[in-house]
Amino acid sequence: MTSIQRSLHLFGVSTEDLKRLTETALSKGGEYSDLFFEHSTVDELTLRDGEVNGAGSHIDYGMGVRVVSGDQTGYAYTEITTMNEMTNAAKAASLIALESGKSIPAADITPQEFKNHYPILKSWEESDISSRAPFIKELNDKIFSLDNRVNKVIAKLTNSTTQVLFYNSLGTLCSDERPMATLSVTVIMQSGSRVENGSASRSYRMGSEFLTHNLIDEIAQEAVKRTAILFEAGIPEGGEMPVVMGAGGSGILLHEAIGHAFEADFNRQNISIFSDKLGKKICSSEISVVDDGTVQWNRGSVNFDDEGVAGQKTFMVTEGYLTSYLHDRISASYYKTAPTGNGRRESFRYMPLPRMRATYMNNGTSKESDIISSVKKGIFVDNFSNGQVQIGAGDFTFFVKSGYMIENGKLTMPVKDVNIIGNGPKALADIVAVADNSYIDNGSWTCGKEQYCPVSCGMPSVLINKLTVGGLQQ
């Protein structure tokens, strides 16, 4: 039995049913329609006070129908996949096309297979939930062994398997099994009356092979290191200064302050500051920015997106030039180009939108040590907790959990609780050096844009010539 046949059986539909539903969705007119079926199983384990004392499992199930008519979209979903309920959803979605009055028949069905970027070595269904608890307990014990200031650990393991069946009026029929595993921990440490906290996480599209002793050790070491440094940290003087963004997790600034502005819906609506910049040079020729749906086992990867478009690697910025927006089918049609595999949705209850996957900057030619040594006075940051961005203007504020002062080319005093303030396009243009140490941070990054989607981000260390650092008043 093929994966498509298994999915048809899971959702209790035939190919004839899919075609009939699509024809109903297009009965009032419209240029395009698709059906998105989803079945998700989720398990959670939580550790507090040294014991795994929380567990839960739930199943989510349903399907959605979309109809596109010009610039208008109709969408309806149902959690019951009987033909009667699905037909009602198709009729509801079709009402968006009442004014077109032109009925387009569904194309012949063409089953499609896509390259698998997240092969499951051992499914979560093969392991009992109780067999996972010792790994979280091991994480707790490892953290307590690393530093005697640790007084509390909160850890959570979440794993899920999502089955997807997709069909559209172009005849595309495909299915996917999407695993996800996330282990996160928060560490609370106390020294005298001073209390600090830090966290670490890892998340991949993997089966139960995700849980290893090496993973536990890696997360424990990172969480303790991030927390311990805060006891030595102070708040620096604020003002405009050079900022070195550390490799990896600093990619969240790339994602928020720049990546969203490359999403085609913002540009199609002239909201983004990059709306008139396609094909133009926007930064140093040393900079290339990629949004990639093909990184093996990556949290943001997709074999195909939620519109049946193959996961792919999209260069948004190529050697300083803005070469592509991130497209779903609607924006691609508007720009008369091919979709880039960025049509994503939170679940069957939502319509797809242009969304990022794994967003990162390629390597440059400098060494991080040389970049730092070139700064007389500035700040090095590599651990962010949150931020705010205005897509239209590109202005951003990010809260830095920890970093270091740079004085006379050397990392000196650790710093914490600092705001980095700037403008995304200007910050991109003000990058004057790019290191050769790019990597993707595999933490539990989740992007909120009307809906929530798993993503990841990364970058090499870069020197931004000038940003505003919010610290102590001078």
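Here are some worked exercises on a predicted model.

Before you start: this is a predicted model, where local features need pLDDT of at least 70, side-chain atom pairs count only at pLDDT 80 or more, and totals for chains, interfaces and linings use all residues. Residues are numbered from 1 along each chain as its sequence is written, and side-chain values use heavy atoms, with hydrogens and water left out.

**Exercise 1: the sheet**

Task: work out which strand order the open sheet of six strands has, and which strands stand at the edges.

Solution.
- Step 1. Get the strands from DSSP: strands are E runs of at least two residues, helices are H or I runs of at least four, and both are numbered from the N terminus. Two strands pair if DSSP finds at least two bridges between them.
- Step 2. Read off the order, which is β11-β10-β9-β14-β22-β19, with mixed pairing.
- Step 3. β11 (321-322) and β19 (439-441) each have a single partner strand, so one side of each is left without a neighbour in the sheet. Those two are the edges.
- Step 4. Now add the helix: α6 (residues 251-259) packs on the sheet and touches β9, β14 and β22 (456-459). Touching is a contact, meaning heavy atoms within 4.5 Å. The direction of α6 makes about 110° with that of β22; axes here are lines fitted to C-alpha atoms, for helices over the stretch in contact, and angles run from 0 to 180 degrees between N-to-C directions.

**Exercise 2: strand β9**

Task: find how β9 pairs with β14 and with β10, and which way the side chains of β9 point.

Solution.
- Step 1. Take the β14 side: β9 (residues 289-292) and β14 run antiparallel and are joined by four bridges. Val 289 sits opposite Met 361, and Val 290 is opposite Tyr 360.
- Step 2. Take the β10 side: β9 and β10 (residues 313-318) also pair in the antiparallel sense, over four bridges. Here Asp 292 faces Lys 313.
- Step 3. Sort the side chains: Val 289 and Asp 291 point one way, Val 290 and Asp 292 the other, and all are buried. Buried means under 20% relative accessible area, exposed over 50%, and partly exposed in between (1.4 Å probe, protein chains only).

**Exercise 3: Arg 355**

Task: Arg 355 is buried yet has no salt bridge, so to speak a charge on its own; find what its side chain reaches.

Solution.
- Step 1. Place Arg 355 in the loop between β13 (353-354) and β14 (358-361).
- Step 2. Look for a partner of opposite charge, with Lys and Arg counted as positive, Asp and Glu as negative, and His and the chain ends not counted. The nearest such side chain is Glu 263, 4.7 Å away. A salt bridge needs a side-chain nitrogen of Lys or Arg within 4 Å of a carboxyl oxygen of Asp or Glu.
- Step 3. Check the backbone: the Arg 355 side chain reaches the backbone oxygen of Cys 447 at 2.8 Å.
- Step 4. List the surroundings. Leaving aside neighbours within four places in sequence, Arg 355 is in contact with, among them, Asn 342, Arg 344, Gly 448 and Tyr 452.

**Exercise 4: salt bridges**

Task: take three pairs out of the salt bridges in the structure and say where each partner sits.

Solution.
- Step 1. Count first: a search of the whole structure finds 26 salt bridges.
- Step 2. Glu 44 and Lys 156 have their closest N and O atoms 3.9 Å apart. Glu 44 is in β1 (residues 32-48) and Lys 156 in β5 (residues 150-168), 112 residues apart.
- Step 3. Glu 240 and Lys 466 come to 3.7 Å. Glu 240 lies in β8 (residues 239-245) and Lys 466 in β23 (residues 462-470), so the pair ties together parts 226 residues apart in sequence. Glu 240 counts as exposed at 56% relative accessibility, while Lys 466 is partly exposed at 41%.
- Step 4. Lys 367 and Asp 436 meet at 2.7 Å, N to O. Both are in loops, Lys 367 between β14 and α9 (368-373) and Asp 436 between β18 (431-434) and β19.

**Exercise 5: positive phi**

Task: find where Asn 270 and Glu 319 are located.

Solution.
- Step 1. Most residues other than glycine have a negative phi.
- Step 2. Asn 270 has a positive phi of about 60° and is in the loop between α7 (264-268) and β9.
- Step 3. Glu 319 has phi near 50° and is in the loop between β10 and β11.

Notes:
Polar contact = N/O pair within 3.5 Å; in protein donor to acceptor, adjacent residues only side chain to side chain.
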